[in-house]
Amino acid sequence: MRRVSILFSVFAFCAAGLIAQNADLAQYQTWMKAGAGANGALRSAVTAKDAAAIKENSAKAAEAFDSIAKYWAGKDKADAVKFSEDARDAAKAVGAATDEAGQQAALGKLAGTCRGCHTPYRNGSDFK
Ligand code: HEC
């Protein structure tokens with residue numbers, strides 16, 4: 001009887017852990033999709049020289065990566081925090097740049113953070 005209840009506790013503990021991880025992942029994906037969507041829209045806006053869309057998507061991407069930075073800070077992953085903050089700052093720099101060369105340079109920095117963080121931390125649509 002005792003063994004059964006121990007087994008049950010272990011099971012309940014693992015299930016609670018899985019649910020917490022799934023909620024975490026779902027929230028994370030909301031930010032990641034917002035950041036990735038804004039990144040794509042920002043590239044198109046720069047190509048189209050659409051100043052209003054550049055401002056809007058620069059702010060959206062920066063906001064998403066700021067949330068992502070806080071997420072990783074809570075997990076004590078300093079390198080992931082750095083990638084997220086670099087992404088946030090690069091997204092802001094696209095909006096602040098005064099010419100296309102500046103915008104392209106900042107877009108390049110932003111793109112570099114994607115792979116930098118995905119290699120150690122992303123496994124498809126999941127965390128590594
Ligand atoms: C600080 C780390 C980090 C940075 C920076 C980062 N990503 Fe991610 N990304 C992840 C992780 C971890 C996942 C896996 C979890 C997930 O699927 O959301 C992911 C998943 C994704 C997904 C799949 C989302 C889904 O529906 O599951 C896309 C698309 C994506 N990233 C695009 C980007 C783009 C584009 C950039 C750069 C502009 C970027 N990411 C920058 C960590 C990062």
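Start your tour by selecting K49, which sits in the loop between helix 1 and helix 2. Keep in mind as you go that this is a predicted model. Look at the backbone of K49: its phi is near 50 degrees, a positive value in a residue other than glycine. Is K49 buried or exposed? K49 counts as exposed because its relative accessible area is 60%, and the cut-off for that word is over 50%.

**Along helix 2**

Now select residues 51-74, which make up helix 2. How far apart are the end C-alpha atoms of this helix? They are 35 Å apart. With 24 residues at 1.5 Å a residue, helix 2 should span 34 Å, so the model agrees with the expected value.

Next, color the buried residues of helix 2. Among them are A53, I54, N57, S58, A61 and A62. Carry on along the helix and you will also find A64, F65, I68, A69, Y71 and W72 buried. Here is a handy idea while you look: an α-helix has 3.6 residues a turn, so residues three or four places apart point the same way.

**Across to helix 3**

Keep A69 selected and add E85, a residue of helix 3. These two residues are 16 apart in sequence, while their C-alpha atoms are 6.0 Å apart in space. E85 is partly exposed because its relative accessibility is 31%.

Between these helices, pick out D76, in the loop that joins helix 2 to helix 3 (78-96). D76 comes just after helix 2. What is the phi of D76? The value is near 60 degrees, which is positive in a residue other than glycine. With a relative accessible area of 72%, D76 is exposed.

**The iron atom**

Now move to the ligand and center the view on its iron atom. Which protein residues are donors to the iron atom? They are M32, through its SD atom, and H118, through NE2, lying 2.0 to 2.7 Å from the iron atom. M32 belongs to helix 1 (residues 2-48) and H118 to helix 4 (residues 100-121), so to speak two distant parts of the chain, 86 residues apart, linked by this pair.

Six donor atoms are found at the iron atom, and the site is octahedral, with angles of 77 to 179 degrees among the donors. For reference, ideal angles for six octahedral donors are 90 or 180 degrees.

Try showing the surface of the protein chain here. M32 is partly exposed, with a relative accessible area of 22%. H118 is partly exposed too, at 26%.

**Around the ligand**

Widen your selection to everything surrounding the ligand. How many residues surround the ligand? There are 21, and the closest are M32, K33, C114, C117 and H118.

Then check the polar side chains one by one:

- Q29: an N or O atom of its side chain is 3.2 Å from an oxygen atom of the ligand.
- S125: here a side-chain N or O atom lies 3.0 Å from an oxygen atom of the ligand.
- H118: a polar side-chain atom is 2.8 Å from a nitrogen atom of the ligand.

For your last stop, select the cysteines C114 and C117, both among the residues closest to the ligand. Which of the two words, buried or partly exposed, fits C117? C117 is buried because its relative accessibility is 11%, and the cut-off is under 20%. C114, with a relative accessible area of 28%, is partly exposed. If you search the model for disulfides, the count comes to zero.

Technical notes
Residues are numbered from 1 along each chain as its sequence is written. This is a predicted model: local features need pLDDT of at least 70, side-chain atom pairs count only at pLDDT 80 or more; totals for chains, interfaces and linings use all residues. Side-chain values use heavy atoms; hydrogens and water are left out. Donors are N, O and S atoms within 2.8 Å of the metal (3.2 Å for Na, K and Ca); water is not among the atoms, so sites may look incomplete. Four donors count as tetrahedral if all angles lie between 85 and 135 degrees; four count as square planar and six as octahedral if opposite donors are over 155 degrees apart and all others between 65 and 115; anything else is irregular. Helices (H or I, at least four residues) and strands (E, at least two) are DSSP runs, numbered from the N terminus. Buried means under 20% relative accessible area, exposed over 50%, partly exposed in between (1.4 Å probe, protein chains only). The expected span of a helix is 1.5 Å times one less than its number of residues. A residue is near a molecule or strand if one of its heavy atoms lies within 4 Å of it. A polar contact is a pair of N or O atoms within 3.5 Å; within protein, one must be able to donate a hydrogen and the other to accept it, and residues adjacent in sequence count only if both atoms are side-chain atoms. A disulfide is a pair of cysteine sulfur atoms within 2.5 Å.
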